[in-house]
Amino acid sequence: TPSADVMSTGRATFSDLAIKGPASTTGYTLTFTHQDSAIPAITKTIALAAGTATKLGINNNSITSASDAVISPAPVVTIQDIDGNVVSDTNKTIAVTISGPNYSVNSEAIGFTSRTTVNGTTTFNDVKVKGVTGSHSLTYRTTDSSLTQVYQTVTVTPGVATKLTLQVSARGYENRALFTTQPKVQIMDSASNVVTTSTAAVTVAMSNGTIEGTTTVNAVNGV
């Protein structure tokens, strides 16, 4: 709203204007028009800088990643103003921690879990979640309490096969008779998730004596 001195001085002084929106070097134009349409309007092109830093932002709030595998695309964390503009002249150290409904003592965030922003941005290009399958939450925060932390939900799927475990041990041994309980072997990743996509061949052998039957079978759903 212009001040009341328009009539007495011929000047319209605006005192409470502000722009809210994406930062831009050339993208905003102010247009001033007179109530008399015969008088040509005037324009002013302006640059809009980011405002005061208030929060952290991230490129992907939700992502799926195999256990113990580098998250891709890499999490990119930015320091932002209230409207999501990157505040490029503010740099902070950002740390990431893990929690969530499927968190356990064996869950961990691996990689460089603390990075410093450059021009308001940093990329966690080697971070990965190792843990049980399901939903985990990565929290990115700084020690500056004025900046709101940001969360990333990571849905963990089975990782690369790294080990075998006995799900069911063989029982009931008699010479030349089938075991009363046949063994079951699980194919697991480094976090002890069953690699349900595995159809790898598993072979059983004896260090002494002779084992009969089919000694090599392919896993079904990792078992």
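**Exercise 1. The largest pocket**

Find the volume of the largest pocket in this predicted model, and state which residues lie nearest its centre.

Solution. Begin with the size: the largest pocket has a volume of about 1000 Å³. Next, turn to its wall, which is made up of 29 lining residues, and among these Phe179, Gln182, Pro183, Val204 and Ile211 are the ones that lie nearest the centre. Then look at the elements that give two or more residues to this lining, which are strand S15 (184-188), strand S16 (201-203) and strand S17 (216-218). Finally, sort the lining by class, which gives 16 nonpolar, nine polar and four charged residues.

**Exercise 2. Ala177**

Locate Ala177 along the chain, and decide whether it is buried, partly exposed or exposed.

Solution. Ala177 belongs to the loop that runs between strand S14 (163-168) and S15. Its relative accessibility is 34%, and because the range between 20% and 50% is called partly exposed, Ala177 falls into that class. As a last step, consider Glu212, which is 35 residues away from Ala177 along the chain, while the C-alpha atoms of the two residues are separated by 9.5 Å.

**Exercise 3. A nonpolar surface patch**

State which residues form the nonpolar patch on the surface, and then place Leu30 within the structure.

Solution. The patch is formed by Phe14, Leu17, Ile19, Leu30, Phe32 and Ile42, which together have about 520 Å² of accessible area. Of these residues, take Leu30, which lies in strand S1 (residues 24-32). Leu30 has a relative accessible area of 31%, so it counts as partly exposed. This value also meets the patch criterion, because a patch residue needs over 30% relative accessible area.

**Exercise 4. Backbone exceptions**

Work out which peptide bond is cis, and what phi values Asp68 and Asn119 have.

Solution. Start from the general expectation that most residues other than glycine have a negative phi, and that most peptide bonds are trans. The bond joining Ser72 and Pro73 is cis, with omega at about -5°, and Pro73 is found in the loop between strand S5 (69-70) and strand S6 (76-80). Asp68 is not a glycine, yet it has a positive phi of about 65°. Asp68 sits in the loop between strand S4 (62-66) and S5, where its relative accessibility of 27% makes it partly exposed. Asn119, also not a glycine, has a positive phi of about 55°, and it lies in the loop between strand S9 (114-116) and strand S10 (121-123).

Technical notes: Residues numbered from 1 in each chain as written. Predicted model: local features only at pLDDT ≥ 70, side-chain atom pairs only at ≥ 80, totals over all residues. Heavy atoms only, no water. Patch = residues over 30% accessible without salt bridge, like charges linked within 9 Å, V, L, I, M, F, W, Y side chains within 5 Å. Areas by Shrake-Rupley, 256 points an atom, 1.4 Å probe, with all protein chains shown as cover. Salt bridge = Lys/Arg side-chain N within 4 Å of Asp/Glu carboxyl O. Helix = DSSP H or I, 4+ residues; strand = E, 2+ residues; numbered from the N terminus. Buried < 20%, exposed > 50% of the residue type's maximum accessible area, 1.4 Å probe, protein only. 1 Å grid on protein atoms, 1.4 Å probe; cavity = no way out; pocket = protein on both sides within 12 Å on 5 of 7 lines; lining within 4 Å. Points joined across faces, edges and corners; volume = space filled by probe spheres on them. Nonpolar A, V, L, I, M, F, W, Y, C, P; charged D, E, K, R; others polar.
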